[in-house]
Amino acid sequence: QAKQAGRNGMRFFDRQMQDRISERAQMENDLRHAIERDQFVLHYQVQVDQHGKARGAEALIRWIRGDGTTVSPASFIPLAEETGLILSIGRWVLETACAQLAAWQTAPRMAQLVLAINVSAQQFHQPDFGAEVRAAVERHGIDPRSLKLELTEGVLLDKIEETIACMQELKAIGVRFSLDDFGTGYSSLQYLKRLPLSQLKIDQSFVRDLASDSNDQVIVRTIIAMARSLQLDVIAEGVETMAQRVLLEELGCRRYQGYLYSRPVPEAALGALVTE
Ligand code: C2E
Ligand code: MG
Ligand code: MG
Ligand code: MG
């Protein structure tokens, strides 16, 4: 009896494993065709100043599969990274973001927006990444100062000299860099000092319980002090409540992004969030 149950248990386990493997294989196969099938879209989440005015937006990719379901990047970006598909996806994001910026530059209110895009480690470490960004900026005739690239600490810990050189090359034409998910990695002040960043983005894990967790308050205060000493801007992500927003301002943070202002929305809905 016990043996029987064990065997069934094993069979059940195999089935689950198999399902998961074939689901993954199916997803990989679908992902491979997603660009040619035009299944990606960028959604935009506003970034506001202390007066609540939209100063910029972050582009966040969405995958609309053939059956109409939307897949979040948290589930397909890791797969895209493992399979190398991130390179063509990253190129698509850069291209689409620059085309969007070009369209905004002729629209009165949208022209002031700075658009941030997420860049993955693999994409950034391509030897021609800097050239690719410059080419995209030129092709679309956009102001490079309206483009911001979000990198994570992981990206920056690799190939340090090349990383700094690439960032400097882009900074020279006006492109800016924000350090995403800041506080979750291991960058030292010493190291950060060498990077031509313009912004630190406080990770949402420190914002979530900010009102109740005094440790998080200390961390946020420290990040803001670091930013100040490095002469960098700070933005907080994942701001959902007014209590968080008020505390962040008290701690010295003047830029906010989160559901309190808006979820990421399709381009058509962004205009309503951007006022004079
Ligand atoms: P991220 O760059 O740190 O983006 C912030 C994530 O937090 C987004 O999730 C956003 O929708 C979510 N978020 C914003 N405000 C709030 C809030 O108030 N509360 C909560 N709980 N969440 C909030 P999303 O869009 O699912 O993206 C997840 C991650 O996927 C991004 O994290 C980024 O690492 C990656 N990603 C997204 N788009 C791209 C892309 O175009 N290229 C690359 N390489 N990665 C991307
Ligand atoms: Mg980001
Ligand atoms: Mg982030
Ligand atoms: Mg994050």
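**Entry 1. The second largest pocket**

I began with the lining of the second largest pocket, which by class has 10 nonpolar, 8 polar and 9 charged residues. I note at once that the model I am reading is a predicted one. For the volume of the second largest pocket I recorded about 490 Å³. I then looked up its lining of 27 residues and found Lys148, Arg176, Gln199, Asp233 and Arg255 to be the closest to the centre of this pocket. Strand S2, helix H10 (214–229) and strand S8 (233–236) each contribute at least two residues to that lining.

**Entry 2. The largest pocket**

I turned next to the largest pocket, for which I noted a volume of about 1000 Å³. I counted 37 residues in its lining, and those nearest the centre of the pocket are Glu58, Leu60, Pro73, Asn118 and Asp180. I listed the elements that give two or more residues to this lining: strands S1 (40–48), S2, S5 (147–152) and S6, together with helices H2, H3 (86–104) and H4 (121–124). By class, I entered 16 nonpolar, 11 polar and 10 charged residues for the lining of the largest pocket.

I then asked what takes up space there. Which pocket corresponds to the space taken by ligand 1? I found that ligand 1 occupies the largest pocket.

**Entry 3. The shell around ligand 1**

I looked up the residues about the ligand. There are 21 residues surrounding ligand 1, and the closest are Arg62, Asn118, Gln204, Glu240 and Tyr259. I sorted the shell by class and obtained 8 nonpolar, 6 polar and 7 charged residues. Strand S2 (54–64), helix H2 (73–83) and strand S6 (176–182) each provide at least two residues of the shell.

Which element gives the most to the shell around ligand 1? I found it to be S2, with 4 residues.

**Entry 4. Polar contacts of ligand 1**

I examined individual atom pairs. A nitrogen atom of ligand 1 lies 2.5 Å from an N or O atom in the side chain of glutamate 240. For aspartate 180, I found an N or O atom of the side chain at 2.9 Å from an oxygen atom of ligand 1. At isoleucine 61 the partner is a polar backbone atom, which is 3.2 Å from a nitrogen atom of ligand 1.

How much of the accessible area that ligand 1 has on its own does the protein cover? I recorded 82% of 800 Å².

**Entry 5. The cavity**

I closed with a search of the whole structure for cavities of 30 Å³ or more, and it finds 1. For the largest cavity I noted about 40 Å³ of space. Its lining consists of Leu87, Arg91, Gln123, Gln126, Asp128, Phe129 and Glu132. Helices H3 and H5 (129–140) are the elements that give two or more residues to the lining of this cavity. By class, I entered 2 nonpolar, 2 polar and 3 charged residues for the lining of the largest cavity.

Methods: Residues numbered from 1 in each chain as written. Chains lettered and ligands numbered in written order. Predicted model: local features only at pLDDT ≥ 70, side-chain atom pairs only at ≥ 80, totals over all residues. Heavy atoms only, no water. Near = heavy atom within 4 Å. Polar contact = N/O pair within 3.5 Å; in protein donor to acceptor, adjacent residues only side chain to side chain. Areas by Shrake-Rupley, 256 points an atom, 1.4 Å probe, with all protein chains shown as cover. 1 Å grid on protein atoms, 1.4 Å probe; cavity = no way out; pocket = protein on both sides within 12 Å on 5 of 7 lines; lining within 4 Å. Sits in = over half its atoms within 2 Å of the grid points. Nonpolar A, V, L, I, M, F, W, Y, C, P; charged D, E, K, R; others polar. Points joined across faces, edges and corners; volume = space filled by probe spheres on them.
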